[in-house]
Amino acid sequence: MSKIRQFLIINQKKIEILQKGEAGTPIIILTGMGCSFDEWYEVTESLSKSNRVIMFHRPGLGASEIRNDVRNTQTVVNELCEMVQLLKISEPVILVGHSYGGLCVQHFVKEYPKKVAGIVLVDSTSVDLKDLDDLDLPVLNEGSTDEFWMEKCHAYSQMKSVELSEVIKPTLTEKQKLLPNDIQQRLINFQVNPSLYKAMHSEISNWKNDGDIIKNLICYPDIPLIVICRDKEHNIQLGTMDGLPESELRLFEETWQELIMNQVKLTSNSKFIIAKKASHSIHMDRPDIIVQSIKEINSIFN
């Protein structure tokens with residue numbers, strides 16, 4: 001199996017799956033909110049040389065179908081469990097979660113500890129994400145609250161793709177422009193899919209409650225864990241270049257890093273890494289660190 005894009009029927013919905021490689025401990029990567037698995041091209045190309053790598057688009061993302069069911073971490077946990085069964089994966093897997101995908105990973109490992117061999121959390125959403133609401137950030141919060149994004153996502157979800165394209169004028173980052181041409185086009189199409197915003201609306205509306213639920217589940221299994229955090233100073237610099245107040249940026253980034261560092265306490269067999277010169281999109285800015293971390297987890301079992 002070199003590279004396979006396929007569909008599985010999960011919970012009576014067609015779900016888009018990407019598989020690369022065929023040997024070694026299976027690695028399953030969960031993307032962040034509103035993010036395509038195509039952004040992980042460099043990471044998956046490298047890892048698939050030694051491992052079977054699996055990614056999937058949650059309902060509403062890419063070509064995955066979405067209906068009117070609630071989108072929360074429990075739903076993702078159920079879908080992931082069913083996907084593992086359908087793909088006939090019987091051994092414990094290495095789970096990787098970025099941002100919101102990391103929140104889903106934290107939920108999954110508590111419900112199915114025996115199915116997970118090791119974890120890599122990549123700038124993962126914290127179960128204590130509510131703490132960010134308590135920060136005094138009048139400028140940063142203007143147009144970036146959950147309520148604002150839910151309203152915008154709802155509006156986008158009601159549009160046709162052509163209308164949505166005219167409104168958001170989809171673009172690619174400089175890093176995305178380095179990806180193969182077919183992936184670049186898929187990333188453009190990904191942004192103008194109304195179902196994407198339907199999924200995001202539901203995920204945003206539930207994620208703080210999800211954090212509380214995950215905290216109240218049983219303790220983590222004591223398995224290998226690597227926690228990767230973005231570069232605080234780099235992100236402050238990027239924000240000030242966009243005209244945002246440094247004092248607010250510093251408060252936000254210091255709190256974010258503290259929340260990420262708390263994830264190291266989840267197991268006694270953990271490690272904390274700061275991805276220098278990386279934004280929240282560590283998989284695009286520093287794919288080398290993610291690959292190295294996953295290989296480090298993998299080496300424990302091989």
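1. In this predicted model, a useful place to start is L137, which, once its neighbours within four places in sequence are left aside, is in contact with E248, L251 and F252. The residue is found in the loop between strand 6 and helix 4 (146-157), and at 3% relative accessibility L137 counts as buried, because the cut-off for that term is under 20%. A further link across the chain is given by L137 and S247, which are 110 residues apart in sequence while their C-alpha atoms are 9.0 Å apart in space.

2. Strand 5 deserves attention next. All of its residues, 6 of the 6 in the stretch 93-98, are buried, so strand 5 is largely enclosed by the rest of the structure. Which residues of strand 5 cover its two faces? On one side there are V93, L95 and G97, and on the other I94, V96 and H98, and both faces are covered, since each of these residues is buried.

3. The neighbours of strand 5 can be described through its pairing. Strand 3 (residues 27-30) runs parallel to strand 5, with 4 bridges between them, and within that pairing I28 has L95 of strand 5 as its bridge partner. Strand 6 (residues 116-122) also pairs with strand 5 in the parallel sense, here over 6 bridges, and V93 stands opposite V116 of strand 6. Together with helix 3 (residues 100-111), strand 5 and strand 6 make a β-α-β unit, and this unit is right-handed.

4. Some of these strand residues reappear in the nonpolar interior. The largest nonpolar core has 59 residues, of which I28, L30, F56, L80, M83, L95 and I119 touch the most other members. Helix 7 (residues 194-215) supplies the largest share of this core, namely 7 residues. Apart from this core lies another, of 24 residues, with I27, V53, M55 and I226 among them. As for I119, when residues up to four places away in sequence are not counted, its contacts are L95, V105, V109, Y220, I223, P224, L225, I226 and I297.

5. Helix 2 (residues 73-86) has 14 residues, and the distance from its first C-alpha to its last is 20 Å, close to the 20 Å expected at 1.5 Å a residue. At the N-terminal end the helix is capped by N72, a side-chain oxygen of which lies 3.3 Å from the backbone nitrogen of Q74, and just after the helix K88 takes a positive phi of about 55 degrees. The buried residues of helix 2 are T73, T75, V76, V77, E79, L80, C81, M83 and V84, and among these L80 and M83 are also named with the core residues that touch the most other members.

6. Are the two glutamates E79 and E82 of helix 2 buried or partly exposed? E79 has a relative accessible area of 4% and is buried, whereas E82, at 27%, is partly exposed. Outside its neighbours within four places in sequence, E79 is in contact with I10, K13, P59 and R71. E82 touches I9, I10 and N11, again not counting residues up to four places away in sequence, and the C-alpha atoms of E82 and I9 are separated by 9.4 Å although the two residues lie 73 residues apart along the chain. I10 therefore appears in both contact lists, contact being taken as heavy atoms within 4.5 Å.

Methods. Residues are numbered from 1 along each chain as its sequence is written. This is a predicted model: local features need pLDDT of at least 70, side-chain atom pairs count only at pLDDT 80 or more; totals for chains, interfaces and linings use all residues. Side-chain values use heavy atoms; hydrogens and water are left out. Buried means under 20% relative accessible area, exposed over 50%, partly exposed in between (1.4 Å probe, protein chains only). Two strands pair if DSSP finds at least two bridges between them. A crossover is right-handed if, with the strands pointing away from the viewer, the path from the first strand over the helix to the second runs clockwise. A nonpolar core is a set of buried Ala, Val, Leu, Ile, Met, Phe, Trp, Tyr and Cys residues joined through side-chain atoms within 4.5 Å. The expected span of a helix is 1.5 Å times one less than its number of residues. A polar contact is a pair of N or O atoms within 3.5 Å; within protein, one must be able to donate a hydrogen and the other to accept it, and residues adjacent in sequence count only if both atoms are side-chain atoms.
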